[in-house]
Amino acid sequence: MEGLLKGKKGIIFGALNEKSIAWQVALKAHEHGAELVLTNSPVAIRMGNIKELAEITGSKVISADATSMKDIEELIAEAMKIFGGKFDFILHSIGMSPNVRKGISYEQTNYDNMLKTLDISALSFHRILQTCYKFDAINEWGSVVALSYVAAQRTLYGYNDMGDAKALLESIARSFGYIYGRDRKVRVNTISQSPTPTTAGSGIYGFDALYDFSDRMSPLGNASAQECANYCVTLFSDLTRMVTMQNLYHDGGFSSMGMSFRAIEQYIKSFKDCK
Ligand SMILES: NC(=O)c1ccc[n+]([C@@H]2O[C@H](COP(=O)([O-])OP(=O)(O)OC[C@H]3O[C@@H](n4cnc5c(N)ncnc54)[C@H](O)[C@@H]3O)[C@@H](O)[C@H]2O)c1
């Protein structure tokens, strides 16, 4: 199926490099006919290669720190100028934990760091929604999606305070989803994605082991960034108009599993190695 986003306009947050989930979403959305504005923090624009993505997709890049109300307001106003009015979709693909980065464990958390984690990874979503609501920036039946992880519901060692941030992110999607749906018919959802080898993902302690475990546990295996991009396109499209306030698992079945044959086999092997 082609052209699902023909005539639609959207803002993509968080494309740092080719590995970024947001990068793949931008490519797919462009392929399906969408007009895009790309945004990231000033440092990410300097260090990453978002300009390359802008060239491929024929998009403008606007710098904005997602923790700054001023930056977000200027971004939304500027995007509306570029689009010539309202737009149709947003991807929030932003996550960062200074505690994870600095290797500070959850039981020894630094609260300044934790507040930054929540601000960058979750409150930024509220900030974006609030600004769009205030500016009446999104068309009726528009769609806002943020990327989450199953650590919002279950404890996964090493995910640290990002688990708290994801729980808040998903809660914001429900709380704002009610208001935005009721008042403007805009839908708000989160996608809970498999572990994916990106810059942020690889920063998690033991990421390779987590990736392998998740793959073995999932009947369909881990979902890739490209597959996540396909799912995002369906959620931006008119085919999913009545879906809102949901956390949607895109994880090959991981979230419903307890133990799989492939994981048991690996576990048995490790017992043999011990003997
Ligand atoms: N990689 C995974 O395993 C995985 C799994 C599930 C969910 N996710 C989520 O997907 C999203 C995208 O992450 P990714 O894995 O593509 O990694 P990534 O490192 O490519 O993307 C993270 C992005 O967040 C941006 N960011 C950080 N601080 C910011 C700020 N202050 N203002 C604006 N942008 C800021 C970074 O510049 C970067 O572009 C995140 O929300 C992440 O938690 C990732």
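Trainee: How do H4 and H6 lie to each other?
Mentor: Helix H4 (residues 69-83) and helix H6 (residues 111-134) pack at an angle of about 45°, their axes 10 Å apart. H4 and H6 are therefore oblique to each other; under 35 degrees counts as roughly parallel, over 145 as roughly antiparallel, 65 to 115 as roughly perpendicular, and the rest as oblique. Axes are lines fitted to C-alpha atoms, for helices over the stretch in contact, and angles run from 0 to 180 degrees between N-to-C directions.
Mentor: This is a predicted model, where local features need pLDDT of at least 70 and side-chain atom pairs count only at pLDDT 80 or more, while totals for chains, interfaces and linings use all residues. Residues are numbered from 1 along each chain as its sequence is written, and helices (H or I, at least four residues) and strands (E, at least two) are DSSP runs numbered from the N terminus.

Trainee: Which residues in H4 and H6 meet?
Mentor: Met-69, Ile-72, Glu-73 and Ile-76 of H4 meet Arg-127, Ile-128, Thr-131 and Cys-132 of H6. Contact needs C-beta atoms, placed from the backbone, within 7 Å. That patch has five nonpolar, one polar and two charged residues (Ala, Val, Leu, Ile, Met, Phe, Trp, Tyr, Cys and Pro count as nonpolar, Asp, Glu, Lys and Arg as charged, the others, Gly among them, as polar).

Trainee: OK, on to H6 and H7. At what angle do they pack?
Mentor: About 10°, with the axes of H6 and H7 8 Å apart. That makes H6 roughly parallel to H7.

Trainee: What does the contact of H6 with H7 have, by class?
Mentor: In H6, the residues meeting H7 include Leu-118, Phe-125 and Leu-129, and their counterparts in H7 include Leu-168, Ile-172 and Phe-176. By class, there are twelve nonpolar, three polar and one charged residues.

Trainee: Switching to the sheet: how many strands form it, and in what order?
Mentor: Seven strands, ordered S3-S2-S1-S4-S5-S6-S7, make an open sheet with parallel pairing. Strands pair if DSSP finds at least two bridges between them. At the edges sit strand S3 (60-63) and strand S7 (247-250), each pairing on one side only. On average, neighbouring strands are turned by 20° against each other, direction ignored.

Trainee: How many bridges join S1 to S4?
Mentor: Three, and strand S1 (residues 9-13) runs parallel to strand S4 (residues 87-92). Ile-11 has Ile-90 as its bridge partner in S4.

Trainee: Which strands does H1 lie across?
Mentor: H1 lies across S1, strand S2 (35-40), S4, S5 and strand S6 (187-193), at about 165° to S1. Helix H7 (residues 162-184) packs on the sheet too, touching S5, S6 and S7, and its direction makes about 155° with that of S6.

Trainee: And H1 with H10, how far apart are the axes?
Mentor: 8 Å, and H1 packs on helix H10 (residues 225-236) at an angle of about 55°. That makes H1 oblique to H10. Among the residues that meet are Val-25 and Leu-27 in H1, and Val-233 and Phe-236 in H10. The contact of H1 with H10 has ten nonpolar, three polar and one charged residues.

Trainee: Last topic, the ligand. Which residues come nearest?
Mentor: Ser-20, Ala-44, Gly-95, Ala-200 and Gly-201, out of 27 residues around the ligand; a residue is near if its C-beta atom, placed from the backbone, lies within 6 Å. Helix H1 (21-31), strand S5 (138-148) and helix H8 (199-202) are the elements giving two or more residues to that shell.

Trainee: Which element gives the most to the shell?
Mentor: H8, with three residues. By class, the shell around the ligand has twelve nonpolar, 13 polar and two charged residues.

Terms used:
Contact = placed C-beta atoms within 7 Å.
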